[in-house]
Amino acid sequence: MAVTTSSASAQSERQALVKACVSRDWSKAIRILNSLLSQACTVQDICNRAFCYSKLELHKHVIKDCEKALELDPYNIQIYILKGHALAALGKGYDALQTWKQAYASVLDQSVDLKQLLELQDLLANSKDDSSVVSDGQIAESPKDPPSSMTSSSNSTCKSPVKTVEREKPLQRENAVASQLTQKTRSISLDLRLSRGIAQVNDGNYDQAIAIFNQILRDNPSSSEALIGRGTAYAFQRKLDIAIADFSKAILSNPTTGEAWKRRGQARAALGESLEAVKDLTKALEFDPNSSDILHERGMVFFKSKDYIDAVADLDTCVRLDKDNKSAYSYMGLALVSVGEYKRAFEAHEKALQLDPNFKEGWCHMAQSYQELAEAEKAVECLQRALSIDRRFVNAYRLLGLLKHGLGDHKGAIRELSAGLEFDKLNLECLYLRASSHHAIGEYANAMKDYDAVVNMDIDSQEKFVLQCLAFYQRELALYAASRANVNYKWFNLDDDIHPMFKEAWCKRLHPKGVCEVVVRQPPLRESLKKGRVKQQDFIMTKPKKLLLETADRIGKKIQYYCPGFLHNKRQHRMAGLAAIEVAQKVSSTWQALRKTLISRSKSEAKGGKRSKKKERNNVISENRGGVCCSTSSSSDTSSSCNCHEEKSSSERFTLSWEDVYAIAVKWRQVSEPCDPVVWVNKLSEEFNTGFGSHTPMILGQAKIVRYHPNFDRAFAITKNLMLERKEVYNAANNLVDLSNPAKLEAIEAARSCCDLFGTVNEDFWIVTPCYSTAFEGKSLEGTRLTMQKKGENGFDFSIRTPCTRPRWAEYEAEMAAAWEALCEAYCGEVYGSTDIGRLEKVQECILRLSFYWYNFMPLVRGTAAVGFIVLLGLLLAANIECIGNIPERLQTGKQSCLQS
């Protein structure tokens with residue numbers, strides 16, 4: 001079995017050797033040959049390695065390998081030829097000639113390759129004339145002049161001028177050869193130094209390489225090869241600006257050097273200068289159109305800049321030219337997932353892993369694609385496979401931590417992230433995720449430590465800067481939570497206690513500088529824990545606790561969307577169940593109090609007659625926007641509308657407004673995942689006046705957002721219908737754009753894509769869906785905005801946006817108050833306490849009505865859909881109605897409500 005495995009490994013290395021040579025990657029070929037020679041030393045492999053060294057102009061290594069090979073096979077002509085060429089390149093022409101002569105003499109009586117023998121004869125013939133004047137790379141002395149007697153005799157015997165010319169020819173020839181050899185020697189010296197510099201770069205000795213290239217450039221400042229070599233060394237040292245300067249000089253020196261364009265493109269890509277990188281790499285392709293290497297590089301730049309369509313095109317062309325490029329297949333899989341071509345994506349991932357089952361990055365890429373689709377089990381399998389290949393692979397631990405965080409397993413996330421941080425203690429993403437996990441489960445000291453590490457870290461990218469900003473805000477929120485750890489739960493009030501400007505900056509991920517100048521920071525952790533030190537808890541699982549949690553889990557699972565992209569988060573399910581139970585309990589208490597009030601009033605009416613009835617009618621139509629159950633107004637304000645103050649006092653502590661009901665679920669959502677900005681829009685700062693609100697993209701650039709793209713067809717059709725119906729839209733400046741031209745209307749009707757529809761307006765636009773009032777006859781509220789924006793050259797942002805302006809907020813407040821009041825009246829009348837579904841039909845309609853307006857209202861920055869469904873479940877429980885089914889597959893309740901035409 002071991003022999004079979006070894007043979008398979010050698011075969012795989014042989015195949016890799018051929019690929020490396022075909023792609024002219026001589027350094028890689030040498031590494032493979034070193035591996036093969038360590039297993040079995042053969043003349044052919046030594047000879048092959050010498051050949052690869054010759055391609056890198058490492059001539060001393062060539063000579064060394066040739067001598068070793070000749071010890072094993074002294075009659076191999078090819079070895080002599082390689083050695084002679086290497087000696088000649090080093091300026092040792094005489095030694096080269098002697099080597100070839102030795103070869104010719106030793107093989108004449110042997111059975112040899114005649115083709116190689118003829119090649120050797122040609123080399124000897126071409127070198128014959130130079131051999132008289134060349135020795136070890138130096139110009140040989142001219143033959144000494146003959147004795148004077150001979151000279152005189154010669155002169156007297158033959159005084160022909162022809163002879164004088166004949167005597168001058170050797171001297172002229174000698175001078176020509178000397179000049180030619182001097183130039184050749186200089187060229188060989190330059191090539192040798194370039195080869196040494198390149199070898200140092202390949203070995204990772206960047207400072208030594210730079211020193212060699214500096215010496216070359218002092219003698220030859222315009223040497224494009226030296227500039228490229230030095231730039232490459234600087235690039236490996238992450239001195240990208242200096243590297244780009246060298247590559248630019250090389251291009252000025254020789255604009256047709258494709259390698260310089262390619263290297264500059266790579267450096268610019270590393271700096272995040274995607275547009276400039278693409279231009280350089282495109283220019284490099286002009287010199288080498290079939291370079292799979294450049295296509296792969298440009299495809300990667302397209303992918304990182306989220307130009308997925310062009311990325312797929314380049315990477316697909318790359319793998320057609322180089323069918324064994326596993327990296328190109330793997331990244332093509334990621335790009336295809338982004339554009340919604342899932343079948344092709346996983347075919348590409350699988351192809352990459354077929355080429356190399358130990359391709360750990362490929363396993364991580366496949367895991368990312370599975371995670372994007374919320375296929376958690378498959379993602380975990382891929383990541384575990386990556387770790388079985390390399391247990392020190394930090395990215396696999398990071399992705400596992402991220403996945404477990406998304407599943408609600410924060411302790412599991414901490415374990416995975418801590419394992420990764422053992423190998424890379426400064427991994428910012430792992431530190432941030434671990435901090436947020438500690439924060440979520442109340443381990444505030446550990447959270448502070450990790451948040452501080454993130455905030456104080458030096459960063460080199462915009463993505464890391466965003467995480468650093470979030471770490472600052474979440475650190476403050478963790479300190480706030482720590483100070484409330486031991487107070488009554490009702491006193492935890494994030495929306496009222498945290499400064500509006502802080503919340504706005506948190507939601508928008510702004511730089512903290514402006515916040516620090518205005519907002520008072522939270523006290524240090526030690527002080528916070530003194531205020532809210534957690535008391536010793538009894539964590540024994542009693543039967544009532546177990547029953548409560550089982551019930552909460554069963555109810556909470558109802559909020560799960562069965563759509564691609566939505567992980568089954570057990571923590572959020574439990575939160576939803578507990579929140580729905582609390583909603584049900586408090587609403588039930590409110591309805592019970594209201595029922596008593598109505599019965600009391602009914603008795604009063606029976607005694608007081610028509611006059612009492614009039615007073616009761618004034619009471620029912622409450623001026624408070626929360627409805628008859630709301631207690632936001634003071635007792636003095638409501639005394640004139642209340643016949644009996646005693647009745648108001650006895651029931652006031654049980655009253656709830658619609659906002660109070662939803663606030664219960666909001667608070668649970670805030671506690672369950674404290675790093676999500678689930679806050680009321682009207683409690684932010686000035687953004688409330690400018691229309692800040694929720695944003696749900698279905699298409700973002702070229703990416704089809706996995707979670708929300710299933711709503712695209714419906715939203716696109718509604719947008720078209722509204723444009724045809726109204727013959728106008730609003731542009732980015734909120735000005736009307738006329739679409740009444742018949743040609744435009746025909747184009748709108750024919751539109752099949754974002755590009756088609758955008759072309760009918762030719763600027764960013766939005767149109768609002770209608771939302772008809774049931775409280776105020778004939779009134780239409782502003783629903784949600786379907787917005788289309790141009791993103792880059794080939795991308796669009798097609799999204800559902802719900803800006804909450806003050807006028808819109810006031811309209812929905814009134815509508816929600818009326819819907820809540822209608823629900824209270826429907827349940828607290830004759831059907832109160834009934835379990836007959838038939839009799840509770842009107843109550844169900846009222847609950848759905850309230851939920852419908854909540855979804856169209858969208859009053860939270862984030863989490864509106866989850867909070868809305870939690871309250872719906874709680875209200876059904878309060879009304880003795882059990883929800884036994886689940887949300888249908890590929891259906892999202894919030895989007896179904898707000899996408900109306």
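# Burial, helices and a sheet in the protein chain

User: What is the relative accessible area of cysteine 675?

Analyst: Cysteine 675 is classed as buried, a term for residues under 20% relative accessible area, with exposed meaning over 50% and partly exposed in between (1.4 Å probe, protein chains only). The structure is a predicted model, in which local features need pLDDT of at least 70 and side-chain atom pairs count only at pLDDT 80 or more, while totals for chains, interfaces and linings use all residues. Residues are numbered from 1 along each chain as its sequence is written, and side-chain values use heavy atoms, with hydrogens and water left out. For cysteine 675, the relative accessible area is 12%.

User: How far apart in space, C-alpha to C-alpha, are cysteine 675 and serine 436?

Analyst: Cysteine 675 sits in the loop between helix H35 (658–672) and helix H36 (687–690); helices (H or I, at least four residues) and strands (E, at least two) are DSSP runs numbered from the N terminus. Beyond residues up to four places away in sequence, cysteine 675 touches Ser436, His439, Tyr451, Gln474 and Trp506, contact meaning heavy atoms within 4.5 Å. Although 239 residues separate cysteine 675 from serine 436 in sequence, the C-alpha distance is 6.6 Å.

User: How many of the 13 residues of H23 are buried?

Analyst: The buried residues of H23 include Ser436 and His439, both of which cysteine 675 touches. H23 is largely enclosed by the rest of the structure, because the buried residues number 12 of the 13.

User: Why does the distance between the end C-alpha atoms of helix H23 agree with the expected span, and what is that distance?

Analyst: The expected span of a helix is 1.5 Å times one less than its number of residues. For the 13 residues of H23 (residues 428–440) this gives 18 Å, so the model agrees, with end C-alpha atoms also 18 Å apart.

User: Which residue caps the N-terminal end of H23?

Analyst: At the other end, H23 is followed by glycine 442, with a positive phi near 80°. The cap brings a side-chain oxygen to 3.3 Å from the backbone nitrogen of glutamate 429. Such a polar contact is a pair of N or O atoms within 3.5 Å; within protein, one must be able to donate a hydrogen and the other to accept it, and residues adjacent in sequence count only if both atoms are side-chain atoms. The capping residue is asparagine 427.

User: Which backbone oxygen does the side chain of threonine 99 reach?

Analyst: Threonine 99 belongs to helix H6 (residues 93–107) and is buried, at a relative accessible area of 7%. Apart from neighbours within four places in sequence, threonine 99 contacts Tyr80, Lys83, Gly84 and Leu87. At 2.8 Å, its side chain reaches the backbone oxygen of aspartate 95.

User: Which strands stand at the edges of the open sheet?

Analyst: The open sheet has seven strands in the order E4-E3-E9-E8-E7-E5-E6, with antiparallel pairing; two strands pair if DSSP finds at least two bridges between them. The edge strands each have a single partner strand, so one side of each is left without a neighbour in the sheet: they are E4 (703–704) and E6 (736–738).

User: Which residue of E9 is the bridge partner of lysine 790?

Analyst: E9 (residues 795–803) pairs in the antiparallel sense with E8 (residues 780–791) over seven bridges, and with E3 (residues 693–701) over eight. Eight of the nine residues of E9 are buried, so this strand is largely enclosed by the rest of the structure. Glycine 701 stands opposite phenylalanine 796. The partner of lysine 790 in E9 is likewise phenylalanine 796.

User: What angle does the direction of helix H41 make with that of E7?

Analyst: Helix H41 (residues 841–857) packs on the sheet and touches E7 (765–772), E8 and E9. Seven bridges join E7 to E8, and in E8 threonine 787 is the bridge partner of tryptophan 766. Axes are lines fitted to C-alpha atoms, for helices over the stretch in contact, and angles run from 0 to 180 degrees between N-to-C directions. For H41 and E7 the angle is about 165°.

User: What percentage of the 901 residues in the protein chain is buried?

Analyst: The protein chain contains 43 helices and nine strands. Among contacts between residues at least 6 apart in sequence, 61% join residues at least 24 apart. Of the 901 residues, the buried share is 46%.
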